[in-house]
Structures are given as C-alpha cells and as structure tokens.
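Trainee: I should like to learn how to read the features of a structure. May we go through one together?

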Amino acid sequence: MRVIIAGAGIGGLTAALDLHRAGIACTVYEKVPELMQLGVGITLLPHAINHLAELGLLDTLDRVGIRTERMIYRTRQGQDVWDTPRGIAAGYDVPQISIHRGDLQSVLLDAVTERLPAGTVRLDAALESVTQHEGGVTAIFRRADGSHFTDCADALVGADGIHSALRRHLFPGEGQPHWSGLMLWRGAVDWPAFMDGRTIINSGGIARKFIFYPIGPGNTPGTQLMNWACVVRQAEPGAPTPGRESWNSEAKQEVLLPILDDFTVPETDIHAMIRATPVFWDFPMCDRDPLTRWTHGRVTLMGDAAHPMYPFGANGAAQAILDAEALGRHLASGAVLEGLAAYEAERLPKVNEVVANNRAGGPERVIDEAEARAASLPGGRFDDLEAILPAAERDAIVNGYARIAGFDAERLKRTA
Ligand SMILES: Cc1cc2nc3c(=O)[nH]c(=O)nc-3n(C[C@H](O)[C@H](O)[C@H](O)COP(=O)(O)OP(=O)(O)OC[C@H]3O[C@@H](n4cnc5c(N)ncnc54)[C@H](O)[C@@H]3O)c2cc1C
C-alpha cells in the first residue's frame, strides 16, 4: 500500500511516521516551497505525548520544549479558580510539553527524514483535486509557478489544515470557517522565568483572556522563550470574519496594550512583555461546523482539515496526533477501504465532541463560571470560592473536559 498525505504540518508528518511504523509507504506533499518556523506555542497534553513517546520522540521533545508541571486558571481580577499539577506531577506516566510549533514541526520532519526514504516530503506541491478509480486515487498538485503534476496511490489523506483544499473538494458548498467573534493575539519573546519556570497562567474567561507560559529555553541566562496569547470578544459567534485568518498577520502594540490594563497578573509585567515582543500576530479565532463524515472511499481528512477547533483546552495539535496514530493502526491490516472507514468511526465522534466543547470554552469555562458568579459581588471579587463555585462543579468542568478529549489520567493508564 502507498498513501499520499497532503500537508506537512503536525498531523501530516506524524501520520507519515505512523504509516511507516505500520509498514506502509507514503509521500507527503506540502504547499509551501519552504518550511519556516511559523507560529508560536503549542501545548502537547499527555495523550499526545504518550503517542509521540511511542514514536521514540520524547527525548528530542524534552530537549527543545518545556515540561509543564502546573496550570493556574484565574479570573481577570487575579483570583485563582483552579491550580493543579500537570503531566508527571499530576500522576501521568508521561509529561505535558509546551513547545514552539516550529520546533515541533522540525522534530517531526527530522524523524521523517531519518526514518523514511529520501524524497518522502515534497515541498511546493499544493493539492488541488483528486479523482478515485477502481484500485486507487489520482491527486493533482499545483506548484507555485502555476504548473501541475499528478501522483497515484492507494489512498489520500488530507492533512492540509483549516483551509483544506481536500475538504473544499469533498464539500464544495461549505464556505469559509466559522468565526467565534473572538480575536486572538499571539507572540513569543525571551523573558525572565517566573515561578518554577514550568507553569501556565491562564487569566480571564472566554471573552477576555490572557495566557502565558514558557515553551523553550531563552537566549540569555535566567530567561525562557515565553509564549503569550490574548483573546478579546469583538463580535457575536458567526459574524463575518474580519479578514482571512492567517498565521502570519502582524498585529500592532497600540491595539493590544490598553486591553492588558484589564488583567491582574502579579507574576510578571505583561505590558513590558508585550512591548518587548518584536513581532506578534492577530488571528480571528475560527473553527468549522463538525462534519458527519471524513472518509470518502480511498480519501479521508485528518487534523485541522477534518476538525479545526478553538484553542481552548489546547487540543488542536494533540487531536491531529491521535488521528495519525489511529490511521496507522487501522491501515496496518492492508485493507484501505475498511481501514479508512474504521479510522473515521473511531475518531470522528470523539473529536466532534471536543470541537463542540471548545466552542463553550473547554476546561477554561471554569473561569467564566467563577467570573459570572462573582459579577454581582463588590469589585467582581469573591471571598469564598467554594461558596460561589464548589470544588465538585469546578472538577466536573475541568476534568470532564479531560475525559471528553481523552487525556484523563485514569483512561491513559487503562490504555497503556
Ligand atoms: C503556519 C502555521 C502556524 C501555526 N501556529 C500555531 C500556533 O502558534 N499555535 C497553535 O496552537 N497552532 C498553530 N497552528 C495550527 C496547528 O498547527 C494546528 O492546529 C494543529 O497542529 C493541527 O495540525 P494540522 O497538521 O492538522 O494542521 P497544520 O499544522 O495547520 O498543517 C497543515 C499543513 O498543510 C499545508 N497545506 C495547506 N494547504 C495545502 C494544500 N492544498 N496542499 C498541501 N499542503 C497544504 C500547510 O502549509 C501546513 O503545513 C499553526 C498552523 C500553521 C499552518
């Protein structure tokens, strides 16, 4: 069997490693002529790390990323709502790792280059369309100079991201992604380490949020590469998107700095952190309505092409990695049609639930609840968290999400 993968992002490269592990040949075609270190931080939760460790990548990830050991959810006013250990400190067998997306992509690309035959990853090849015939697929690719070429294989996997050409080909009437009404600013900067150097601080509910956490070592002593993100509601969900969401739309400090006045973050000077960030990006936070099918005969979707989701709960990359694992496992039998159908049957219902949950804020909804219940109190501050939002309710939101997304510690131990 030979499989064509469209897209050399996190999902496509992991799928190449998984197919190779299953003894299946593949070629990865990537639209961009050069893979650059785009994006900022990505969180890899234990279910994703579990699989990347199976692929023998844990030591490398450890060298470039940061083991996250603590997560604090708090209100904009600076009151803690949830403060828990993460990764191994939380009883998992594997860590949670925060990492620059470019570094993660490089780790995966290096592994593909080392393990798979030369020429497996081909750049400057944008999937345009596909036809299926008895016994195979023919994919048509376009180069940046406008020329075309084709390739034939037993199956085609669309790992081509939120603007997936394959998805458009399969669902021509679908239209643009759905805007949440939320604008997201993201950046990363060398910054003095705070607390234990392994903590995520997540302040504010879905409509106004600031998050920061280290994703790698810094360039000078005492610093780390600090990832930050700010979310602000600008419209109601479903409003027309203000411009195409792209991962490299540069943003302006004048817009963001006044918004930061709304947050109480004693651990560091967030205004200074943003002022020190040389370039950062804005991104209308989008997803798409869940699909009822990904697999069409010999063709299927995975990762953001199948299920783009809001980043609440930090599951976008993780779910793409779990898709890759399932693809490799189901295709290992050698039966293409049955394998792709079984992959969809296993993954689609689970991931669609994550997409729906993320629309409501994912586990971070616990902050919205606390802010809403404290809203009528003086200064929007509570004296007794337990009285306004009991631990059992907080647990149901946060750990309920972990169960839906498949990374609760008990489940990971059972499936180990
Ligand atoms: C440039 C970039 C920066 C990002 N930065 C962040 C970030 O900072 N934080 C975060 O949480 N998430 C980020 N993401 C999204 C994140 O990588 C995904 O949500 C998640 O990892 C799922 O991965 P994926 O492989 O499905 O999609 P992606 O990682 O988006 O990969 C899709 C790949 O397909 C390629 N592609 C697109 N169209 C075609 C085509 N027609 N033919 C062939 N190839 C095609 C793209 O160039 C890309 O390499 C970024 C994505 C991109 C593309």
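Trainee: In which loop does M195 lie?

Mentor: Some groundwork comes before the reply. This is a predicted model, in which local features need pLDDT of at least 70 and side-chain atom pairs count only at pLDDT 80 or more, while totals for chains, interfaces and linings use all residues. Residues are numbered from 1 along each chain as its sequence is written, and side-chain values use heavy atoms, with hydrogens and water left out. Helices (H or I, at least four residues) and strands (E, at least two) are DSSP runs, numbered from the N terminus. M195 lies in the loop that connects β13 (178-192) with β14 (199-203).

Trainee: What is the phi of M195, and is the residue buried or exposed?

Mentor: Phi of M195 is near 50°, a positive value in a residue other than glycine. For exposure, buried means under 20% relative accessible area, exposed over 50%, and partly exposed in between (1.4 Å probe, protein chains only). M195 counts as partly exposed because its relative accessibility is 40%. A314 also has a positive phi, near 55°, and is not a glycine. A314 is found in the loop between α8 (303-306) and α9 (316-331), and with a relative accessible area of 25% it is partly exposed.

Trainee: Which residues come nearest to the ligand?

Mentor: A residue is near a molecule if one of its heavy atoms lies within 4 Å of it. Of the 28 residues around the ligand, G11, E30, V40, R186 and D304 come nearest. By kind, the shell holds 14 nonpolar, eight polar and six charged residues; here Ala, Val, Leu, Ile, Met, Phe, Trp, Tyr, Cys and Pro count as nonpolar, Asp, Glu, Lys and Arg as charged, and the others, Gly among them, as polar.

Trainee: Which backbone atoms lie close to polar atoms of the ligand, and at what distances?

Mentor: A backbone N or O atom of G11 lies 2.7 Å from an oxygen atom of the ligand. For K31, a backbone N or O atom is 3.1 Å from a ligand nitrogen atom, and a polar backbone atom of G41 is 3.1 Å from a nitrogen atom of the ligand. The protein covers 89% of the 910 Å² of accessible area that the ligand has on its own, where areas come from the Shrake-Rupley method with a 1.4 Å probe. The elements that give two or more residues to the shell are α1 (10-21), β3 (41-44), β9 (126-133), α8 and α9. The largest share, three residues, comes from α9.

Trainee: What is the order of the strands in the open sheet?

Mentor: Two strands pair if DSSP finds at least two bridges between them. The open sheet has five strands in the order β8-β2-β1-β12-β18, with parallel pairing. Its edge strands, β8 (121-122) and β18 (299-301), each pair on one side only.

Trainee: How many bridges join β1 to β2, and why is β1 largely enclosed?

Mentor: Five bridges join β1 to the parallel strand β2 (residues 25-29), and R2 has A25 as its bridge partner in β2. With β12 (residues 155-158), β1 pairs in the parallel sense over four bridges; there V3 stands opposite A155. Strand β1 (residues 2-6) is largely enclosed by the rest of the structure because four of its five residues are buried.

Conventions: A polar contact is a pair of N or O atoms within 3.5 Å; within protein, one must be able to donate a hydrogen and the other to accept it, and residues adjacent in sequence count only if both atoms are side-chain atoms.
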